[in-house]
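The exercises below go through a single protein model, one feature at a time. Each gives a task and then a worked solution.

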Amino acid sequence: MDTVRGKGARIARLPSILQGPASNLRRLLPARLLNAIPPRYSYKSDGMATAHFSPFLEDARFNQLFWRIAGRWAGGPLDVRWRVWVLTQCARQCKNLSGDLVEFGVYRGASASMILSYIGLRDGQRLHLFDTFSGIPATELTEAEVAAGFSGHLADTSIIDLKEFLAPWRDQISFVAGDVLQTTTAAETGPLSLAHVDLNAARATKVALDYVYLRLVSGGMIVFDDYGWAGYEDQRAVIDDFFSSRPEAILALPTGQAIVVRL
């Protein structure tokens with residue numbers, strides 16, 4: 001329980017007749033007992049839990065769109081709403097900047113569909129989707145990534161499936177199929193306002209960063225999907241090293257994501 005009886009505190013939410021007794025009880029209980037009382041989480045999933053305000057819980061449209069495609073996450077259906085909320089709000093922030101959007105690591109298109117259906121693109125803006133559409137390639141994986149079984153992982157997808165799934169937005173999407181180690185040397189997106197990087201592998205992430213950073217407009221954002229997750233330490237090391245000599249800061253989030261805003 002809260003010791004404070006101000007607006008928003010737990011005791012303040014009790015009927016007025018109970019607030020005095022609750023305050024007295026709070027002062028009498030040992031701190032160790034109070035600390036043992038588990039918090040009432042507003043959200044507990046996807047490797048994190050919070051008792052704080054989770055805005056998407058009150059957004060009926062967001063939830064309707066999310067649960068419609070929840071089975072398209074790896075291992076799904078999964079409740080990854082905080083991660084998706086972060087990504088979509090970054091897309092909202094970047095929507096009116098000059099430049100297109102890009103996603104490196106598309107898998108079965110869940111995050112792309114949430115950006116397109118929940119936020120949308122402004123007139124003339126495009127979403128560029130870079131992926132093999134056949135799983136993580138074995139090209140230049142680190143020893144740890146090979147040992148973890150990255151090669152061939154996330155292969156239960158196809159460009160045919162993605163084109164059908166994202167058909168409502170076909171005129172706003174560009175598919176760039178193949179290993180990013182090769183496709184980034186030939187594909188040209190032009191200026192970018194938002195990049196979602198979810199490639200898992202370190203070398204591919206470095207190549208995507210080289211590509212994105214040169215094209216990202218001032219105020220544009222990079223959202224890394226699994227920066228803080230266990231098992232992706234090699235990828236995180238590449239990201240940390242990339243920005244160690246650049247002015248932008250990496251903002252790590254409790255969702256496991258990280259955000260960089262281009263100066």
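**Exercise 1. Classify the salt bridge between Arg83 and Asp46 by burial and by position in the chain.**

Solution. The model is a predicted one.
- Step 1, burial: Arg83 and Asp46 are both buried.
- Step 2, geometry: their side chains meet at 2.7 Å, N to O. The cut-off for a salt bridge is 4 Å, so the pair qualifies.
- Step 3, position: Arg83 belongs to helix H4 and Asp46 to the loop between strand E1 (43-45) and E2, so the bridge ties together parts 37 residues apart in sequence.
- Step 4, partners: salt bridges with shared partners join Asp46, Arg83 and Asp225 into one network.

**Exercise 2. Which other salt bridges can be described, and are their residues buried or partly exposed?**

Solution.
- Step 1: a search of the whole structure gives eight salt bridges. The principle is that side chains of opposite charge can pair when their charged atoms come close.
- Step 2: one of them joins Asp79 and Arg81, with the closest N and O atoms 2.8 Å apart. Both Asp79 and Arg81 are buried.
- Step 3: another is formed by the side chains of Glu140 and Arg203, at 3.1 Å from N to O. This pair links distant parts of the chain, with Glu140 in the loop between E4 and H6, Arg203 in helix H9 (residues 202-215), and their positions 63 residues apart.
- Step 4: the exposure of this last pair follows from the relative accessibility. Glu140 has 49% and therefore counts as partly exposed; Arg203 has 36% and is likewise partly exposed.

**Exercise 3. Determine the type of the ring pair Phe56 and Trp82, and then of Phe150 and Tyr232.**

Solution.
- Step 1: a pair of aromatic rings is described by the distance of the centres and the angle of the planes. The structure holds 18 aromatic pairs.
- Step 2: for Phe56 and Trp82 the centres are 5.2 Å apart and the planes stand at 90°, so this pair is edge-to-face. The two lie in distant parts of the chain, 26 residues apart: Phe56 in the loop between strand E2 (48-50) and H3, Trp82 in helix H4.
- Step 3: Phe56 has 0% relative accessibility and so counts as buried. Trp82, at 17%, also counts as buried.
- Step 4: for Phe150 and Tyr232 the centres are 5.7 Å apart and the planes are at 45°, so this pair is tilted. Phe150 sits in the loop between helix H6 (143-147) and helix H7 (159-165), and Tyr232 in the loop between E7 and helix H10 (233-244), 82 residues apart. Phe150 is buried, its relative accessible area being 8%.
- Step 5: ring pairs also build a cluster, whose members are Tyr43, Phe56, Phe62, Phe66, Trp67, Trp73, Trp82, Trp85 and Tyr118.

**Exercise 4. Where do Arg236 and Arg246 lie with respect to aromatic rings?**

Solution.
- Step 1: Arg236 lies over the face of Tyr227, 5.9 Å from the ring centre.
- Step 2: Arg246 lies over the face of Tyr213, 5.0 Å from the ring centre.

**Exercise 5. Describe the largest nonpolar core and the contacts of Met114.**

Solution.
- Step 1: this core has 39 residues, and those touching the most other members are Phe62, Phe66, Met114, Leu129, Leu166 and Leu194.
- Step 2: at least two core residues come from each of helix H3 (60-69), helix H4 (81-94), helix H5 (110-119), strand E4 (127-131) and strand E7 (216-224). H4 gives the most, with eight residues.
- Step 3: beyond its neighbours within four places in sequence, Met114 contacts Phe62, Leu65, Phe66, Ile69, Val84, Thr88 and Ile119.
- Step 4: a second, separate core comprises 31 residues, including Val180, Leu192, Ala195 and Phe224.

**Exercise 6. Summarise the whole protein in terms of elements, extent, burial, contacts and surface.**

Solution.
- Step 1, elements: there are 10 helices and nine strands.
- Step 2, extent: the C-alpha trace spans about 70 × 40 × 35 Å along its principal axes.
- Step 3, burial: 48% of the 263 residues are buried.
- Step 4, contacts: of those with a separation of 6 or more, 70% are between residues 24 or more positions apart.
- Step 5, surface: about 13,100 Å² is exposed, and carbon and sulfur atoms supply 55% of it.

Key
Residues are numbered from 1 along each chain as its sequence is written. This is a predicted model: local features need pLDDT of at least 70, side-chain atom pairs count only at pLDDT 80 or more; totals for chains, interfaces and linings use all residues. Side-chain values use heavy atoms; hydrogens and water are left out. A nonpolar core is a set of buried Ala, Val, Leu, Ile, Met, Phe, Trp, Tyr and Cys residues joined through side-chain atoms within 4.5 Å. Buried means under 20% relative accessible area, exposed over 50%, partly exposed in between (1.4 Å probe, protein chains only). Helices (H or I, at least four residues) and strands (E, at least two) are DSSP runs, numbered from the N terminus. Contact means heavy atoms within 4.5 Å. Rings of Phe, Tyr and Trp (its six-membered ring) pair if their centres lie within 6.5 Å; planes under 30 degrees apart count as stacked, over 60 as edge-to-face and the rest as tilted. A charge sits over a ring if NZ of Lys or CZ of Arg is within 6 Å of the ring centre and within 35 degrees of the ring normal. Accessible areas come from the Shrake-Rupley method with a 1.4 Å probe; for residues, only the protein chains shown count as cover.
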